[in-house]
Amino acid sequence: AALHAEADLGAAGTGVALILNRRGLRFAGVWRALFVIPWAIPEFLGAVAWAQLMDPDGGWLSLALGAPLPALDGALGTLLAQTLAGVWMGFPIVMLTATAALKLIPNEGYDGAAMGGATGAGLLRHITLPLVFPLLVPALIVRAVFAFNQFYLFMPFQGGSTLASLAYQLVQPRLGPGFGRAGGLYAVSAAVDLFIVAALLIGVLALSRRTRAAEGVTYA
């Protein structure tokens with residue numbers, strides 16, 4: 001769910017940055033400040049709030065509607081709730097990164113393309129997104145790394161375990177149901193941590209090579 005959320009927040013953060021970067025938009029700074037609020041809230045508390053909101057029986061949403069929400073029950077409902085929570089938590093950094101990239105794009109590029117007959121969709125596809133993407137990829141990589149380390153997002157929902165939460169549970173005196181053995185397995189926990197680091201290193205190198213994010217971009 002965490003990785004699924006990272007894929008969604010890239011499009012959401014870039015889309016909002018594009019909207020707030022439009023000329024003549026009133027109170028754009030106020031809207032940016034409001035969208036940054038999730039960054040100021042501890043992520044575990046945010047996950048608890050989303051778990052309370054999306055509970056199918058006694059959650060805030062079901063209480064507001066006056067009826068249970070069976071669609072939010074089960075694995076798919078938990079996946080939806082965790083995806084929304086992950087997008088909400090990681091949205092500010094992507095939006096601010098995309099906003100900074102948009103500010104660096106010179107107006108001459110847009111003016112020249114417009115004189116050549118480029119439309120709004122063409123400007124977005126051939127100028128805006130190619131120049132925003134190199135700065136956006138590192139932010140998405142950082143969020144993907146954080147996603148592997150998230151166990152606080154899954155604990156309030158009780159919707160499964162990640163490798164990070166498994167490493168945490170392995171050293172506890174008592175493990176949750178399904179493990180069937182006592183805690184204190186420090187060597188096994190360390191092995192899981194090393195596997196996480198190796199997987200992240202391979203993933204980051206592969207993504208950087210594929211997107212050429214390390215080469216940067218020249219705005220000229």
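1. Start with the helix pair: in this predicted model, the axes of α3 (residues 43-54) and α5 (residues 74-104) come within 10 Å and cross at roughly 140 degrees. The crossing of α3 past α5 is right-handed.

2. Who makes that contact? From α3 you have Glu-43, Gly-46, Ala-47, Trp-50 and Met-54, and these meet Ala-81, Leu-84, Ala-85, Trp-88 and Met-89 of α5. By character, the contact residues split into 8 nonpolar, 1 polar and 1 charged. Glycine counts as polar here, so Gly-46 is the polar one, and Glu-43 is the charged one.

3. Now look at the surface, where a nonpolar patch is formed by Phe-27, Val-30, Trp-31, Leu-34, Ile-37, Ile-41, Phe-44, Leu-45, Val-48 and Met-155. Together these residues have about 920 Å² of accessible area.

4. Which elements give two or more residues to the patch? They are α2 (28-40) and α3, and α2 supplies the largest share, with 4 residues. Trp-31, one of the patch residues, lies in α2.

5. Worth a look together: α3 turns up in both places, since it contacts α5 through residues including Trp-50 and also contributes to the nonpolar patch.

Terms used:
Residues numbered from 1 in each chain as written. Predicted model: local features only at pLDDT ≥ 70, side-chain atom pairs only at ≥ 80, totals over all residues. Heavy atoms only, no water. Axes fitted to C-alpha atoms, helices over the stretch in contact; angles between N-to-C directions. Left-handed = near helix turned anticlockwise from the far one by under 90°. Contact = heavy atoms within 4.5 Å. Patch = residues over 30% accessible without salt bridge, like charges linked within 9 Å, V, L, I, M, F, W, Y side chains within 5 Å. Areas by Shrake-Rupley, 256 points an atom, 1.4 Å probe, with all protein chains shown as cover. Salt bridge = Lys/Arg side-chain N within 4 Å of Asp/Glu carboxyl O.
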